[in-house]
Amino acid sequence: MKVIEQLDRYSATFDRISVDLLQAGYALRFTAQGKSMSPLIREGDVVLIEPIGSQLPKPSEIVFFINKQGDLVLHRVLKRWKKDDKFLYLLKGDQVATTDGIYEKAKIVGRLKAIEREESFLSIDKPAFKALNWLAYLRSRMGLGSQSKFSGLLMKSKLFSKYLD
């Protein structure tokens with residue numbers, strides 16, 4: 001896999017360049033902004049996004065997509081279904097009360113591969129990430145926000161503390 005070094009997420013051309021690079025088969029590494037995916041992805045974390053390719057995103061997966069305003073966003077797949085020979089996806093940020101809406105696969109350009117925070121590197125292939133991601137998916141799917149008891153227990157868990165502190 002070819003990797004482009006870290007891009008400035010705040011640049012005016014980031015979205016256009018990112019889509020072009022992902023469609024050309026390059027992975028992207030950039031600093032996340034916003035709090036919509038915390039505590040799994042926090043503002044300031046460095047994320048590695050790989051091209052979406054032909055493999056269909058599945059529920060719980062974190063994808064990089066073009067929203068209805070034309071901006072690139074990194075949010076979670078809550079649901080996938082097929083209608084009229086097209087796959088549709090319901091997408092949502094973990095800390096956002098409402099969904100982003102329904103999107104076709106063509107609007108999904110990448111998927112999360114890894115998160116870097118301080119000295120930690122968390123690959124989506126590692127069991128710790130899979131467990132954290134599944135718990136965050138369930139929380140988001142059930143509409144439990146950051147103030148829920150579930151979130152508090154997750155944040156205090158010693159098993160995940162090195163990733164969530």
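1. Where along the chain does Glu 61 lie? In this predicted model, Glu 61 belongs to the loop that connects β3 and β4, the latter spanning 62-66. Glu 61 is a buried residue, since its relative accessible area of 13% falls below the 20% cut-off. Leaving aside residues up to four places away in sequence, Glu 61 is in contact with Leu 56, His 75, Arg 76, Val 77, Arg 111 and Asn 133.

2. The same loop deserves a second look at Ser 60, which is likewise placed between β3 and β4. Ser 60 has a phi near 90°, a positive value in a residue that is not glycine, and with a relative accessibility of 11% Ser 60 counts as buried. A sequence-distant partner can be named here: Lys 130 stands 70 residues away from Ser 60 in sequence, yet the C-alpha to C-alpha distance is 9.6 Å. Lys 130 itself is part of helix α2, residues 127-141, and, with residues up to four places away in sequence not counted, Lys 130 touches Ile 124 and Asp 125.

3. As to the overall layout, the protein chain has four helices and nine strands, and, read from the N terminus, the order of elements is β-α-β-β-β-β-β-β-β-β-α-α-α. Of the 165 residues in the protein chain, 45% are buried. Among contacts between residues at least 6 apart in sequence, 53% join residues that are at least 24 apart. The exposed surface of the protein chain comes to about 9000 Å², of which carbon and sulfur atoms supply 54%.

4. Asp 45 is an acidic residue for which the surroundings can be described in some detail. Asp 45 sits in the loop between β2 (26-31) and β3 (46-51), and at 3% relative accessibility Asp 45 is counted as buried. The side chain of Asp 45 reaches the backbone nitrogen of Arg 42 at 2.8 Å, and the side chain of Asp 45 also makes a polar contact with the side chain of Arg 117, at 2.6 Å. Apart from residues up to four places away in sequence, the residues that Asp 45 touches are Phe 30, Thr 31, Ala 32, Leu 40, Ile 115, Glu 116 and Arg 117.

5. The loop between β2 and β3 also contains Pro 39, and the peptide bond that joins Ser 38 to Pro 39 is cis, with omega at about 10°.

6. Helix α1 has two sides that can be told apart by burial. Which residues of α1 are buried? They are Phe 14, Asp 15, Ser 18, Val 19, Leu 21 and Leu 22; viewed down the axis of α1, these buried residues fall within an arc of 165°, and therefore they line one face of the helix. The face of α1 that is turned away from the buried side carries Arg 16 and Gln 23, both of them exposed. Just after α1, Gly 25 adopts a positive phi of about 100°.

7. The structure holds four aromatic pairs. One of them is formed by Phe 14 and Phe 30, an edge-to-face arrangement with 5.0 Å from centre to centre and 70° between the planes. Because Phe 14 lies in helix α1 (residues 14-23) and Phe 30 in strand β2, this pair ties together parts that are 16 residues apart in sequence. Phe 14 and Phe 30 are both buried, and together with Phe 64 they form one aromatic cluster.

8. Two lysines have their charged ends placed over aromatic rings. The charged end of Lys 68 sits over the ring of Tyr 103, at 4.3 Å from the ring centre, and the charged end of Lys 79 sits over the ring of Trp 81, at 5.3 Å from the ring centre.

9. A further backbone point concerns Glu 118, in the loop between β8 (108-117) and β9 (120-123). Is Glu 118 buried or exposed? Glu 118 counts as exposed, because its relative accessibility of 76% is over the 50% cut-off. The phi of Glu 118 is near 50°, again a positive value in a residue other than glycine.

Conventions: Residues are numbered from 1 along each chain as its sequence is written. This is a predicted model: local features need pLDDT of at least 70, side-chain atom pairs count only at pLDDT 80 or more; totals for chains, interfaces and linings use all residues. Side-chain values use heavy atoms; hydrogens and water are left out. Buried means under 20% relative accessible area, exposed over 50%, partly exposed in between (1.4 Å probe, protein chains only). A polar contact is a pair of N or O atoms within 3.5 Å; within protein, one must be able to donate a hydrogen and the other to accept it, and residues adjacent in sequence count only if both atoms are side-chain atoms. Contact means heavy atoms within 4.5 Å. Accessible areas come from the Shrake-Rupley method with a 1.4 Å probe; for residues, only the protein chains shown count as cover. Rings of Phe, Tyr and Trp (its six-membered ring) pair if their centres lie within 6.5 Å; planes under 30 degrees apart count as stacked, over 60 as edge-to-face and the rest as tilted. A charge sits over a ring if NZ of Lys or CZ of Arg is within 6 Å of the ring centre and within 35 degrees of the ring normal. The arc is that of the directions from the helix axis to the C-beta atoms.
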